[in-house]
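I set out to look up how aromatic rings pair in this model and where charged groups sit over rings. My entries follow the display.

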Amino acid sequence: MKLIDNWSETSEKLVEKQISTKQLYDGVLLNAWKDEVKLPDGSVSHREYLKHPGASAILPVFEDGSVLLIGQYRYPLKQAFLEVPAGKLDSGEPPLDTAVRELKEETGLSAKQWHKVGLFHPCIGYSDEVIHIYTAWNLSESGINTDDDEFLSYHIVHFSEALAMVEDGSITDSKTIITLLRCKNWWDHSGPFNI
């Protein structure tokens with residue numbers, strides 16, 4: 001194994017170039033594709049992947065250090081999960097606009113303060129999805145407006161309890177885990193109040 005120190009030079013040498021592409025499935029949320037690609041050594045292979053519009057995830061924080069999590073049944077795994085509020089980007093919609101919209105629709109809350117904590121790629125092996133992470137505070141109620149086929153429960157827990165639920169395995173949703181951990185790191189260094 002040869003270790004390489006310069007990541008930017010190395011990453012360029014790993015690029016796979018698209019030769020052709022074919023759409024396998026055109027769905028409401030996901031689209032499946034199969035591409036023929038030229039590998040770095042010149043050989044040819046195939047890559048199957050899902051195109052996703054992207055999403056925004058939000059950690060709503062109350063002044064007492066508690067956060068709002070939602071409970072939602074996820075059909076592919078046939079179980080309910082505790083999650084941060086989140087939703088997919090509409091076509092051409094900026095991620096912050098999605099976050100504002102989803103917070104209001106899913107929780108009935110509006111926030112006067114927003115901070116983008118970062119972003120992450122949840123499933124790089126088979127999807128191009130990007131999730132943008134926001135924290136929101138200075139919250140007020142504005143009225144819930146969920147989709148007709150969306151059924152949610154609401155849970156206010158102290159931020160430290162939410163982090164403990166990650167540690168004990170009660171929270172297993174990757175976007176929620178990453179959002180909580182990234183928000184904690186940001187809050188420890190730059191947060192507007194102690195939680």
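The entries below cover ring pairs first and charges over rings afterwards.

I worked from a predicted model, in which local features need pLDDT of at least 70, side-chain atom pairs count only at pLDDT 80 or more, and totals for chains, interfaces and linings use all residues. Residues are numbered from 1 along each chain as its sequence is written, and side-chain values use heavy atoms, with hydrogens and water left out.

Entry 1, ring pairs. I searched the whole structure and found 4 aromatic pairs (rings of Phe, Tyr and Trp, the last by its six-membered ring, with centres within 6.5 Å; planes under 30 degrees apart are stacked, over 60 edge-to-face, the rest tilted). One of them joins Trp 137 and Trp 186, a tilted pair at 6.0 Å between centres and 35° between planes. Trp 137 belongs to strand 9 (residues 131-141) and Trp 186 to helix 4 (residues 174-190), 49 residues apart. Helices (H or I, at least four residues) and strands (E, at least two) are DSSP runs numbered from the N terminus.

Entry 2, the second partner. I noted that Trp 137 and Trp 187 are edge-to-face, because their centres are 5.5 Å apart and their planes stand at 75°. This pair ties together parts 50 residues apart in sequence, since Trp 137 is in strand 9 and Trp 187 in helix 4. Ring pairs thus link Trp 137, Trp 186 and Trp 187 into a cluster.

Entry 3, burial. Trp 137 has 10% relative accessibility and therefore counts as buried (under 20% relative accessible area; exposed is over 50%, partly exposed in between, with a 1.4 Å probe and protein chains only). Trp 186 is buried too, and Trp 187 is buried at 7%.

Entry 4, charges over rings. I found Lys 51 over the face of Trp 33, 4.3 Å from the ring centre (NZ of Lys or CZ of Arg within 6 Å of the centre and within 35 degrees of the ring normal). Lys 78 lies over the face of Tyr 75 at 3.7 Å from the ring centre.
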